[in-house]
Amino acid sequence: MNTLTKQNRNPLSDWSVESWQRKTIRQQATYPDQAALAQAVDRLSTVPPLVTSWEVKRLKHYLAEVQRGERFLIQGGDCAESFADCSSPIISNRLKVLIQMSLVLIHGCRTPVVRVGRFAGQYAKPRSADTETRDGVTLPSFRGEIVNDNDFTEAARVPDPQRMLTAYHHASMTMNFVRALVDGGFADIRHPEYWDLAWVKHSPNANKFHELVEKISESINFAEILAGRAINNLSNVEFFCSHEALHLHYEQALTRQVPRQDGHFNLSTHLPWIGLRTNQMDSAHIELLRGVQNPVGVKIGKETESDHLVDLCRTLNPHDEDGKLVLIHRFGAENIETHLPRLIEVAQKANLKVIWCSDPMHGNTESTSNGYKTRRFENIRKEVEMSIKTHKVNGSHLGGVHLELTGENVTECLGGARALQEADLSKAYTTQVDPRLNYEQALELAFAIKDFYRS
Ligand code: PEP
Ligand code: CO
């Protein structure tokens, strides 16, 4: 083949929804019953999609704005969703936190925001080991509720393909409720009381937030008096969803062609991402996501080599589109200064079109002496601050943040306004995998981000 023909070659001509099966497959469950697996995938291939191609394209348009520095991305939610948490208060509290955080940023940074939940599909988890041993008993690891159950019994840990359908049903219930809330005026700025969390009484951050809402309401009233009419569209808040596209059978079954649209869309979510443990160039996960029209995310960290970054970007954004690729960097507060400038330089030299997003959670995980997996609020805050500064100093910009958070009053991360200590962790430690910011810590981080941008 001569060079010209090579260059004109469609990079996706050798891609199909099944081509990932010829690549190196990591972090997948071993299903004992392959016929049951095939049956579940067949059924999942016929169910209605969870999102539409129009929504996916709208998100890509917003992400192109993020790439140009005209909009900020807030991505957040549970580390691992659970089926039991698919309930009205938990879903609405999570939305409330994301709406409150976005209002702080919109007002503080004078920038529109795009909100992407880590929900409606965040049911699969990568694990560092295939098995777990407790008191001399070894069982398969818990891989998220889309695969098996967290209980430490032999029966609970057997991968069950029917769980893919259960996950789909819970994702669809979640999306249905989110859409109904948003369409029903839940996020209307004229009714900020809708977003108050019932259990928050006299929190300093909540009071700070109420003062901000009061200021905004006064401005709206003033603008309406000037205009002599009501300002419409104030209730128009959009939410998109995202999850780690880890379970490849699930993702394949929901990757479809759509009438009158070119290419394939992953219709299980708006923004699928690839985790750090599956981002190798020979990876089945890269193969599946390189062929979809969705914007996609990929986690990178201190171990990401310069050449790897370039290969990832060229492969996952084969048509060099704007708003297509989100690089979610997670270095840890102590490593970011060493590695981020290097990767920014690589992206600039290779002229890569990327959105930079900071995940200040996954590089800052540690274990306490009493056995809890936790994160220090100070390290999380520091990593976001360093991300904003390092991008600025290097002629780039941070487009957004990717957080693990909840609207519940949990005690999983140390520090923050209430200075949670190690001894407090046992009070309300409910996460299935990683420690999340609670409502107060999340709001405190939003105020901190606003201050970093202002300075
Ligand atoms: C996650 O986002 O929950 C996760 C596992 O992250 P990472 O791939 O960055 O470790
Ligand atoms: Co996590």
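Start with strand E3, residues 131-134: with 3 residues, E3 gives the largest share of the lining of the largest pocket. Keep in mind as you click around that this is a predicted model.

**Stop 1: the largest pocket**

Now add strand E13 (373-375), which, like E3, supplies at least two residues of this lining. The pocket they help to line has a volume of about 640 Å³. To find its middle, select Pro126, Arg277, Lys373, Val433 and Asp434, the closest to the centre among the 35 lining residues. Try colouring the lining by residue class: you should get 7 nonpolar, 12 polar and 16 charged residues.

**Stop 2: the cobalt ion**

Hang on to Asp434 and select ligand 2, the cobalt ion. Which protein residues act as its donors? They are Cys79 through SG, His362 through NE2, Glu404 through OE and Asp434 through OD, and they sit 2.1 to 2.4 Å from the ion. Along the chain, these donors follow the spacing C-x282-H-x41-E-x29-D.

Next, show just Cys79 and Asp434 with the ribbon around them. Cys79 is in the loop between strand E1 (72-77) and H4, while Asp434 is in the loop between strand E14 (400-404) and helix H12 (439-454), so this pair ties together parts that are 355 residues apart in sequence. Are these two buried or exposed? Both Cys79 and Asp434 are buried.

**Stop 3: ligand 1**

Switch to ligand 1 and bring up the residues around it: Cys79, Arg118, Lys125, Pro126, Trp273, Gly275, Leu276, Arg277, Lys299, Arg330, His362 and Glu404. You've already met some of these names: Cys79, His362 and Glu404 are cobalt donors too.

Here are some contacts to zoom in on, each to an oxygen atom of ligand 1:

- Arg118: a polar side-chain atom lies 2.9 Å away.
- Leu276: here it's a polar backbone atom, at 2.9 Å.
- Lys299: an N or O atom of the side chain is 2.8 Å away.

**Stop 4: the second largest pocket**

Last one. This pocket holds about 530 Å³ of space. Of its 23 lining residues, Leu103, Ile106, Arg115, Asn236 and Val237 are the closest to the centre, so to speak your landmarks.

Then light up helix H4 (88-109), strand E2 (113-118) and helix H6 (204-227), each of which supplies at least two lining residues. Which element gives the most? That's H4, with 5 residues. Colour this lining by class as well, and you'll see 15 nonpolar, 5 polar and 3 charged residues.

How values were computed: Residues are numbered from 1 along each chain as its sequence is written. Chains are lettered from A and ligands numbered from 1 in the order in which they are written. This is a predicted model: local features need pLDDT of at least 70, side-chain atom pairs count only at pLDDT 80 or more; totals for chains, interfaces and linings use all residues. Side-chain values use heavy atoms; hydrogens and water are left out. On a 1 Å grid over the protein atoms alone, a cavity is a set of points where a 1.4 Å probe fits but cannot get out, and a pocket is an open set with protein on both sides within 12 Å along at least five of seven lines; lining residues have an atom within 4 Å of a point. Grid points are joined across faces, edges and corners, and a volume is the space filled by probe spheres set on the points. Helices (H or I, at least four residues) and strands (E, at least two) are DSSP runs, numbered from the N terminus. Ala, Val, Leu, Ile, Met, Phe, Trp, Tyr, Cys and Pro count as nonpolar, Asp, Glu, Lys and Arg as charged, and the others, Gly among them, as polar. Donors are N, O and S atoms within 2.8 Å of the metal (3.2 Å for Na, K and Ca); water is not among the atoms, so sites may look incomplete. Buried means under 20% relative accessible area, exposed over 50%, partly exposed in between (1.4 Å probe, protein chains only). A residue is near a molecule or strand if one of its heavy atoms lies within 4 Å of it. A polar contact is a pair of N or O atoms within 3.5 Å; within protein, one must be able to donate a hydrogen and the other to accept it, and residues adjacent in sequence count only if both atoms are side-chain atoms.
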